Amino acid sequence: MGFFDTLNQARTQVYVISFVCFLCPGMFNALNALPTAGPAAQEVKDKQNASLYFCFAIMGLLAGGLNNILGPRILAAIGGTGYAIYAAAQYNIFKVQGPNGTDPITDGANTFSIFSGAYIGLCAGMLWAAQGQICLTYPTESQKGTFFATFWVIFNLGAVLGNTIGTILSWGAGPSGYAMNDAMYLIFIVLMACGSVVAFLIQPPGTIIREDQTQVETPPTNVLREFVEVLKLFANPAMLTILIPCMASNWFYTYQFNPFGDYFTGRTNGLKAIFYWLGQAVGAWVLGTMFLDNTKYTRTARAWTGVYLMAGTTVVFFAGGAAFEYTASAKDFVKIDAGTDFGRFIGPFILYVCYGLYDAFFQVFTNYLIGAISNDSETLSRYAGFYKGTQSAAGGLSWALNGFVFTKANGNKLTSTAQFWVMVVPCFVSLIFFAIFTKTFVKDTTDENAESGSSIKAH
């Protein structure tokens with residue numbers, strides 16, 4: 001049986017949406033993790049990402065219902081178009097600044113950059129709603145951690161590939177070499193554009209067969225019903241309990257991709273980013289398959305294992321992060337270059353890989369908890385939209401604080417140490433809500449026949 005003969009199988013559809021995200025948000029993550037050519041370009045990028053995440057927040061909340069109406073194929077195909085435009089806007093900034101990265105950025109380039117951020121935000125909301133329905137609805141109850149982990153591994157390999165290409169192209173330029181060049185930007189743009197094409201392999205949900213031979217059910221719906229159901233999410237006890245972890249799940253990127261990256265040379269940033277995304281892939285697979293879907297234990301026991309793991313890694317990883325931050329923020333600190341002083345690179349390199357592991361743990365566990373409270377396709381599509389919408393609202397706020405509020409031009413730019421603690425606090429607060437959610441809402445099995453709309457009934 002060939003690949004195309006299995007397109008109506010649940011696992012194959014997870015592979016398809018994974019590869020779409022490999023090409024689109026995977027490459028986006030690779031591009032976004034690399035530092036810009038200078039402070040002016042970074043402020044434009046902060047504004048671009050702020051507009052991205054605020055539009056993502058709006059569309060993310062609505063796209064779950066939109067996905068129930070139009071289906072994941074249309075949303076993923078449209079959603080994939082924004083990524084190449086985003087990369088093209090960053091390439092435009094790169095060209096406007098000239099070979100030395102010092103020329104002033106024109107108003108037109110700035111406007112196009114912000115527009116591209118808004119457009120990709122709308123597109124990303126649609127794409128991730130399609131992804132959420134596929135990864136949360138298509139697996140059986142015992143496969144939800146594995147299916148999401150599979151997606152997360154393939155998706156993050158896109159960032160691994162993107163950063164590997166960038167590092168190879170920039171390494172010969174020496175410690176001061178910028179990680180991006182014309183060839184690299186064009187590679188990103190072409191690969192991202194291919195994502196929308198792959199999305200046409202996504203099949204209608206009603207034709208999908210799970211591995212226990214049950215069929216995904218998609219009852220008819222309409223715009224008014226979906227709008228009302230989305231509004232109900234904000235009165236849903238489970239969603240309100242998981243709200244803080246949802247919002248915290250992208251909050252730490254602003255520090256990890258900006259101030260932390262400033263401690264390294266351009267080519268070294270590309271090198272460490274490769275292993276950051278590899279860490280994400282490994283972390284997702286370990287947590288999703290070895291722990292959360294280990295059927296030797298009950299689902300509640302597995303969920304509590306996730307809570308304990310999150311608590312332990314939050315304390316250990318950020319303790320190491322604090323030690324490095326207070327050392328690196330000293331005035332006489334010299335940027336780390338792996339090519340000329342590999343010994344100084346080892347410790348911060350391990351820390352950055354741990355940050356990648358932590359991100360994967362956080363994302364996989366949050367998605368696992370959401371998937372544990374329902375098996376209904378429509379309901380989980382809305383839950384996925386709520387997750388990505390609130391996540392993006394917080395992400396937009398974090399980028400806006402650096403791009404519009406706390407800036408060098410305003411004379412109140414946050415220190416890297418301050419940004420570190422802004423990153424850490426929501427992660428610690430999330431631990432409380434992980435525990436409350438697990439205690440209150442996670443049961444050993446979900447009663448599919450008892451579900452109605454966005455209500456949660458389990459035994």
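Which hand, left or right, does the crossing of H1 and H7 have? In this predicted model, the crossing of H1 and H7 is right-handed. Two packed helices are described by the angle between their axes and the distance between the axes. For helix H1, which spans residues 10-23, and H7, the axes come within 8 Å and cross at roughly 25°. Since angles under 35 degrees count as roughly parallel, H1 is therefore described as roughly parallel to H7. On the H1 side, the contact involves Ala10, Arg11, Val14, Tyr15, Ile17, Ser18, Phe19, Cys21 and Phe22. These residues meet Phe147, Thr150, Phe151, Ile154, Phe155, Leu157, Gly158 and Leu161 in H7. Sorted by character, the residues of the contact of H1 with H7 comprise 13 nonpolar, three polar and one charged.

Thr150, one of the H7 residues that meet H1, may be examined individually. Thr150 has a relative accessibility of 9% and therefore counts as buried, the limit for that class being under 20%. When residues up to four places away in sequence are not counted, Thr150 touches Tyr15, Ser18 and Trp285. Of these partners, Tyr15 and Ser18 are also listed among the H1 residues in the contact with H7.

Helix H7 also packs against H8. The axes of H7 and H8 come within 10 Å and cross at roughly 165°. Angles over 145 degrees count as roughly antiparallel, and H7 and H8 are therefore assigned to that class. The crossing of H7 and H8 is right-handed. From H7, the contact is made by Gly162, Ile165, Gly166 and Leu169, and from H8 by Ala183, Met184, Ile187 and Phe188. The residues of the contact of H7 with H8 divide into six nonpolar and two polar, with no charged residue.

Within this contact, Ile165 is placed in helix H7. Its relative accessibility is 21%, so Ile165 counts as partly exposed. Apart from neighbours within four places in sequence, Ile165 is in contact with Met184 and Ile187. The C-alpha atoms of Ile165 and Phe188 are separated by 9.9 Å, and the two residues lie 23 residues apart along the chain.

A further helix pair is formed by H4, residues 72-79, and H6, whose axes come within 7 Å and cross at roughly 145°. The crossing of H4 and H6 is left-handed. Pro72, Leu75, Ala76, Ile78 and Gly79 represent H4 in this contact. Their counterparts in H6 are Cys123, Ala124, Met126, Leu127, Ala129, Ala130, Gln133 and Ile134. The residues of the contact of H4 with H6 divide into eleven nonpolar and two polar, and no charged residue is present.

Attention is now turned to the nonpolar core. In soluble globular proteins, nonpolar side chains tend to be buried together. In the present model, the largest nonpolar core has 122 residues. The residues with the most contacts inside this core are Ile17, Tyr83, Phe151, Met192, Tyr355, Leu369 and Phe434. Helix H15, residues 342-371, gives the most to this core, contributing 17 residues. Ile17 and Phe151 also appear in the contact between H1 and H7. Phe434 touches Ile242, Pro245, Val307, Met310, Phe362, Phe365, Thr366 and Leu369, when residues up to four places away in sequence are not counted.

Several loop residues were also examined. Thr140 lies in the loop between helix H6 (107-137) and helix H7 (144-171). With a relative accessibility of 13%, Thr140 counts as buried. Thr140 touches Arg210 and Asp212, again not counting residues up to four places away in sequence.

Gln213 lies in the loop between helix H8 (182-198) and helix H9 (223-232). Because its relative accessibility is 63%, Gln213 counts as exposed, a class that requires a value over 50%. Most residues other than glycine have a negative phi. The phi of Gln213, however, is a positive value, near 75°.

Lys296 occupies the loop between helix H13 (266-292) and helix H14 (299-328). The relative accessible area of Lys296 is 74%, and the residue is therefore exposed. Lys296 and Arg73 are 223 residues apart along the chain, and their C-alpha atoms are separated by 36 Å.

Terms used. Residues numbered from 1 in each chain as written. Predicted model: local features only at pLDDT ≥ 70, side-chain atom pairs only at ≥ 80, totals over all residues. Heavy atoms only, no water. Helix = DSSP H or I, 4+ residues; strand = E, 2+ residues; numbered from the N terminus. Buried < 20%, exposed > 50% of the residue type's maximum accessible area, 1.4 Å probe, protein only. Contact = heavy atoms within 4.5 Å. Axes fitted to C-alpha atoms, helices over the stretch in contact; angles between N-to-C directions. Parallel < 35°, antiparallel > 145°, perpendicular 65-115°, else oblique. Left-handed = near helix turned anticlockwise from the far one by under 90°. Nonpolar A, V, L, I, M, F, W, Y, C, P; charged D, E, K, R; others polar. Core = buried A, V, L, I, M, F, W, Y, C linked by side-chain atoms within 4.5 Å.
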